[in-house]
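Visitor: I would like to learn how to read a structure like this one, feature by feature. Could you walk me through it?

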Amino acid sequence: MCEWMNKVDGEDTGDVKLYALSTCIFCMRTKRLLDKLGVAYRYVDVDELGDGDQGEAVEQMEQHNPSGGFPTIVIDGTVIQGYKEDQIKEALDHAD
């Protein structure tokens, strides 16, 4: 696991990763939603990483979301690009 991913404790609903930007309002809303739902997840604010780690994070994110938009949420292999509350909740309900 990448050392630059931050871990948030909560209920284990599967592998939940969030690729975000620290200044992105939709990224902030996604974090707040995950926190409100009380799920465990890992996230990275890509813009706060050093050049080498930033490139690695973007490359990893683009493996899931080739368009490279933020936020990108990966829930047990299901990729959601953007803040889509209903899709995030549905993916979490189906994650095991």
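Guide: Gladly! Let us begin with burial: a residue counts as buried when its relative accessible area is under 20%, as exposed when that value is over 50%, and as partly exposed in between. Keep in mind that this is a predicted model.

Visitor: With that in hand, which residues of α1 are buried?

Guide: Cys27, Thr30, Lys31, Leu33 and Leu34 are the buried residues of α1. Looking down the axis of α1, you find these buried residues within an arc of 160 degrees, so they line one face of the helix.

Visitor: What do the buried residues of α1 pack against?

Guide: Their partners are the strands β2 (16-20), β3 (41-45) and β4 (72-75), together with the helix α3 (85-94).

Visitor: How do I judge the length of a helix such as α1?

Guide: The idea is to set its span beside the expected one, which is 1.5 Å times one less than its number of residues. Helix α1 covers residues 25-37, 13 residues in total, and its first and last C-alpha atoms are 18 Å apart, close to the expected 18 Å. Just after α1 comes Gly38, with a positive phi of about 75 degrees.

Visitor: And the surface? Which residues form a nonpolar patch there?

Guide: Ile25, Phe26 and Met28 do, and together they offer about 250 Å² of accessible area. Take Phe26, which sits in helix α1. Its relative accessibility is 41%, so Phe26 counts as partly exposed.

Visitor: Let me try a strand residue. Is Asp45 buried or exposed?

Guide: Asp45 belongs to strand β3, and its relative accessible area is 10%, so Asp45 is buried. Leaving aside residues up to four places away in sequence, Asp45 touches Ala20, Leu21, Ser22 and Lys31. You met Lys31 above, among the buried residues of α1.

Visitor: What about a loop residue, such as Gly50? Where is Gly50 placed?

Guide: Gly50 lies in the loop between β3 and α2 (51-64). With a relative accessible area of 43%, Gly50 is partly exposed. Sequence distance and spatial distance are worth reading side by side here: Gly50 and Trp4 are 46 residues apart along the chain, and 9.9 Å separates their C-alpha atoms.

Visitor: Now to charges. How many salt bridges does a search of the whole structure find?

Guide: Five. To call one, look for a side-chain nitrogen of Lys or Arg within 4 Å of a carboxyl oxygen of Asp or Glu. Asp9 and Lys7 make one of them, at 2.8 Å from N to O, and both of these residues are exposed.

Visitor: Which salt bridge does Lys89 form?

Guide: Lys89 pairs with Glu85, and their closest N and O atoms are 2.9 Å apart. Both residues lie in helix α3, four residues apart, which is about one turn of the helix. Lys89 is partly exposed, at 30% relative accessible area, and Glu85 is partly exposed too, at 27%.

Visitor: Which residues are linked in a network of salt bridges?

Guide: Asp15, Lys17 and Arg42 are. Within this network, the closest N and O atoms of Lys17 and Asp15 are 3.7 Å apart. Check burial here as well: Lys17 has a relative accessible area of 11% and is buried, whereas Asp15, at 31%, is partly exposed.

Conventions:
Residues numbered from 1 in each chain as written. Predicted model: local features only at pLDDT ≥ 70, side-chain atom pairs only at ≥ 80, totals over all residues. Heavy atoms only, no water. Helix = DSSP H or I, 4+ residues; strand = E, 2+ residues; numbered from the N terminus. Buried < 20%, exposed > 50% of the residue type's maximum accessible area, 1.4 Å probe, protein only. Arc of directions from axis to C-beta. Contact = heavy atoms within 4.5 Å. Patch = residues over 30% accessible without salt bridge, like charges linked within 9 Å, V, L, I, M, F, W, Y side chains within 5 Å. Areas by Shrake-Rupley, 256 points an atom, 1.4 Å probe, with all protein chains shown as cover.
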